[in-house]
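Me: I am in my first year and would like a close look at a single part of this protein, explained step by step.

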Amino acid sequence: VSAGERAVTIRKPLGLVLEEANDGMVFIAEINQQGNAAAIGDGQINVGDVVVACSATFGDEVWSTRGIGLERVLKSIAVRSGDFVTLVLETPSELADRKAAAAAGAAQRRVDARDKFGEREVLDPTSWASSAPKQYDDQYSAQETDIDSALKEKLKQEVVAPYKQNWILWASIGVGFLVIASVLILGS
């Protein structure tokens with residue numbers, strides 16, 4: 001359980017109505033006031049809380065339920081051995097903050113990678129022509145060495161080689177059909 005998350009252990013049946021959001025996250029839609037979840041009290045379980053982890057089938061481990069959908073979360077609860085299930089909950093605002101932090105981290109990693117390796121370049125596998133944006137042409141117009149051209153030629157041959165060898169296959173199939181046809185004709 002990390003910062004901003006709460007682990008609650010509830011006796012089965014839980015007394016919760018769970019729903020699935022568009023992103024596959026499962027949240028608490030309703031708490032039955034006579035159910036086991038309501039008996040915990042102290043505001044530990046609230047409508048709108050997002051279920052981010054659930055008890056494993058047995059033991060003390062909890063497994064992430066982020067984005068797996070309502071059906072799998074309900075199945076995890078149902079197959080849990082014993083009378084108690086541990087749910088790890090987050091408020092929607094905590095979840096949104098975590099998603100925003102993850103998106104910012106990913107954006108920063110992309111910027112760092114571009115600073116380190118330059119803009120991405122995609123090569124056409126048959127012609128080895130660059131599809132780099134025109135604004136970066138000067139960046140990608142490095143002098144080609146003999147090793148580069150030899151490597152490109154070898155890779156081009158490896159890409160084309162299987163297609164050149166197909167004529168053997170088709171010729172073998174044709175000969176096979178001719179043999180079968182002649183056996184059938186001569187045999188009758």
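Which side chain meets that of Glu5 in a salt bridge, and what are the surroundings of that pair?

Reply: Please keep in mind throughout that this is a predicted model, and that every value below is computed from it. The partner is Arg66: its side chain and that of Glu5 meet in a salt bridge, with 2.9 Å from N to O. The pair links distant parts of the chain, since Glu5 lies in the segment before strand S1 (6-11) while Arg66 lies in the loop between strand S5 (62-64) and H2, 61 residues apart. As background, side chains of opposite charge can pair when their charged atoms come close.

The two partners can then be compared by their exposure. Glu5 has a relative accessible area of 16%, and because buried means under 20%, Glu5 counts as buried. Arg66, at 33% relative accessibility, counts as partly exposed, because that value falls between the cut-offs of 20% and 50%.

Arg66 also forms a salt bridge with Glu90, where the closest N and O atoms are 3.5 Å apart. This pair, too, links distant parts of the chain, with Glu90 in strand S6 and Arg66 in the loop between S5 and H2, 24 residues apart. Glu90 is buried, with a relative accessible area of 0%. Taken together, Glu5, Arg66, Glu90 and Arg98 are linked in a network of salt bridges, and the count of salt bridges comes to 7.

Another of these salt bridges joins Lys99 to Asp23, with the closest N and O atoms 2.5 Å apart. Lys99 lies in helix H3 and Asp23 in the loop between S2 and S3, so the pair ties together parts that are 76 residues apart in sequence. Lys99 is partly exposed at 42% relative accessibility, and Asp23 is partly exposed as well, at 39%. Helix H3 itself runs over residues 92-117, and its 26 residues should span 38 Å at 1.5 Å a residue, which agrees with the 37 Å between its end C-alpha atoms. Just after H3, Gly118 takes a positive phi of about 85°.

Helix H2 follows the loop that holds Arg66, and it covers residues 70-79, among which Leu70, Val73 and Ile77 are buried. Seen down the axis of H2, the buried residues fall within an arc of 70°, so they line one face of the helix. The general background is that an α-helix has 3.6 residues a turn, so residues three or four places apart point the same way. The face of H2 turned away from its buried side carries the exposed residues Glu71, Arg72, Lys75 and Ala78. The cover over the buried residues of H2 includes strands S2 (16-20), S3 (26-31), S4 (50-55) and S6 (84-90), and S6 is the strand in which Glu90 lies.

One residue shows how H2 and S3 come together: Val26 is found in strand S3, and it counts as buried at 0% relative accessibility. Leaving aside its neighbours within four places in sequence, Val26 is in contact with residues including Leu18, Val50, Leu70 and Val73.

To place these parts in the whole, the chain has 5 helices and 6 strands, running β-β-β-α-β-β-α-β-α-α-α from the N terminus on. Residues 24 or more positions apart account for 57% of the contacts in the chain with a separation of 6 or more.

Note on methods: Residues are numbered from 1 along each chain as its sequence is written. This is a predicted model: local features need pLDDT of at least 70, side-chain atom pairs count only at pLDDT 80 or more; totals for chains, interfaces and linings use all residues. Side-chain values use heavy atoms; hydrogens and water are left out. Buried means under 20% relative accessible area, exposed over 50%, partly exposed in between (1.4 Å probe, protein chains only). Helices (H or I, at least four residues) and strands (E, at least two) are DSSP runs, numbered from the N terminus. The arc is that of the directions from the helix axis to the C-beta atoms. Contact means heavy atoms within 4.5 Å. The expected span of a helix is 1.5 Å times one less than its number of residues. A salt bridge is a side-chain nitrogen of Lys or Arg within 4 Å of a carboxyl oxygen of Asp or Glu.
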